[in-house]
Amino acid sequence: MARYVDVHPVNPQPRAIAQTVRVLRSDGVVVYPTDSCFALGCVLGNKQGMDRIRSIRKLDERHHFTLVCRDFAQLAQFVHLDNAAFRAIKAAVPGRYTFILPATKEVPRQLAHPKKKTVGVRIPDHAVAQALVTELGEPIVSSTLLLPGEEDPLTQGWEIKERLDGVVDVVLDSDDCGIEPTTVVDFSEGAPEIVREGAGDPERFR
């Protein structure tokens with residue numbers, strides 16, 4: 001049975017965040033809010049957790065997870081950035097963007113694109129997500145909470161708890177965080193390429 005934890009959207013209670021992080025460190029799978037949809041998350045190296053997330057979303061091995069990072073310094077440990085990408089991304093975060101970049105050796109092999117050796121990274125502008133990743137001390141391996149056969153992600157914590165009760169360990173709820181996913185920008189070939197237009201303004205990368 002999933003634990004339902006209701007937290008303040010601006011000042012999340014430290015005890016609730018610490019409880020959720022303990023579950024993550026115990027190889028659990030959690031649902032947590034971001035500035036762009038709820039997300040499913042587990043820790044780096046938790047292969048079983050990633051398999052559970054794929055199973056929930058009915059995704060295959062080719063699905064690419066995103067590393068949700070605390071800040072730019074943490075993001076830069078996991079991806080290679082040239083000067084142009086550094087400046088453009090630094091100006092846009094935290095925010096509703098996912099960036100695809102060449103992965104460093106810090107990224108587990110199963111997380112990187114098998115051919116391109118890239119990985120998606122983001123820094124959310126959401127107090128609860130920030131508190132969670134700060135307490136954890138490393139990125140959260142994440143995927144948007146979009147259930148198979150549904151057009152929009154789930155937005156209500158109580159409904160998420162009801163529908164995923166037996167398959168996740170914690171539902172961390174704060175408020176409605178919307179249904180529009182991030183804007184995805186691929187920097188892996190140098191110049192930015194907009195892969196998906198979403199919640200983040202794509203114009204700054206055109």
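**Close-up 1. The salt bridge of R163, a residue that is partly exposed with a relative accessible area of 40%.** In this predicted model, R163 pairs with E150 in a salt bridge whose closest N and O atoms are 2.3 Å apart. The two partners belong to distant parts of the chain, since E150 sits in the loop between β7 (140-144) and α6 whereas R163 is in helix α6 itself, 13 residues apart. E150 is likewise partly exposed, its relative accessible area being 27%. Side chains of opposite charge can pair when their charged atoms come close.

**Close-up 2. The salt bridge between R52 and D169.** The closest N and O atoms of R52 and D169 are 3.1 Å apart. Because R52 lies in helix α2 (residues 47-57) and D169 in the loop between α6 (157-163) and β8 (170-173), the pair ties together parts that are 117 residues apart in sequence. R52 counts as partly exposed at 25% relative accessibility, and D169, at 27% relative accessibility, also counts as partly exposed.

**Close-up 3. Further salt bridges, from the total of eleven that the structure holds.** E197 and R206 form a salt bridge in which the closest N and O atoms are 2.4 Å apart. On the side of the acid, E197 counts as exposed at 52% relative accessibility, while its partner R206 is exposed with a relative accessible area of 56%. Elsewhere, a network of salt bridges links K47, D51, R54 and E61.

**Close-up 4. The aromatic pair of F72 and F86, from the six aromatic pairs in the structure.** The ring centres of F72 and F86 are 5.0 Å apart and the ring planes stand at 90°, so the pair is edge-to-face. This pair links distant parts of the chain, with F72 in helix α3 (residues 72-78) and F86 in helix α4 (residues 83-92), 14 residues apart. F72 counts as buried at 10% relative accessibility, whereas F86 counts as partly exposed at 37% relative accessibility. The ring of F72 also has a charged group over it, namely the charged end of K90, which sits 5.6 Å from the ring centre.

**Close-up 5. The aromatic pair of F99 and F187.** The rings of F99 and F187 have centres 6.2 Å apart and planes at 50°, an angle that falls between the limits for stacked (under 30 degrees) and edge-to-face (over 60), so the pair is tilted. Here too the pair links distant parts of the chain: F99 is in strand β5 (residues 97-102), and F187 is in the loop between β9 (183-186) and β10 (193-196), 88 residues apart. F99 counts as buried at 0% relative accessibility, and F187 is buried as well, with a relative accessible area of 5%. Both F99 and F187 belong to one aromatic cluster that is formed together with Y97 and F205.

**Close-up 6. The open sheet of ten strands and its edges.** The strands are arranged in the order β1-β8-β2-β3-β7-β4-β6-β5-β9-β10, and their pairing is mixed. β1 (3-6) and β10 stand at the edges with a single partner strand each, so one side of each is left without a neighbour in the sheet. From one strand to the next, the twist averages 30°. At the β10 edge, β9 and β10 run antiparallel and are joined by three bridges, and D186 stands opposite E193 in β10.

**Close-up 7. Strand β7 with its antiparallel partners β3 and β4.** Four of the five residues of β7 are buried, so this strand is largely enclosed by the rest of the structure. Five bridges pair β3 with β7 in the antiparallel sense, and V43 stands opposite I140 in β7. Strand β4 (residues 66-68) also runs antiparallel to β7, the two being joined by three bridges, and the bridge partner of V68 in β7 is I140. Helix α2 lies across β3 (38-43) and β7, and runs at about 155° to β3. This helix also carries R52, one partner in the salt bridge with D169 shown in an earlier view.

Terms used: Residues are numbered from 1 along each chain as its sequence is written. This is a predicted model: local features need pLDDT of at least 70, side-chain atom pairs count only at pLDDT 80 or more; totals for chains, interfaces and linings use all residues. Side-chain values use heavy atoms; hydrogens and water are left out. Rings of Phe, Tyr and Trp (its six-membered ring) pair if their centres lie within 6.5 Å; planes under 30 degrees apart count as stacked, over 60 as edge-to-face and the rest as tilted. Buried means under 20% relative accessible area, exposed over 50%, partly exposed in between (1.4 Å probe, protein chains only). A charge sits over a ring if NZ of Lys or CZ of Arg is within 6 Å of the ring centre and within 35 degrees of the ring normal. A salt bridge is a side-chain nitrogen of Lys or Arg within 4 Å of a carboxyl oxygen of Asp or Glu. Two strands pair if DSSP finds at least two bridges between them. Axes are lines fitted to C-alpha atoms, for helices over the stretch in contact, and angles run from 0 to 180 degrees between N-to-C directions. Contact means heavy atoms within 4.5 Å.
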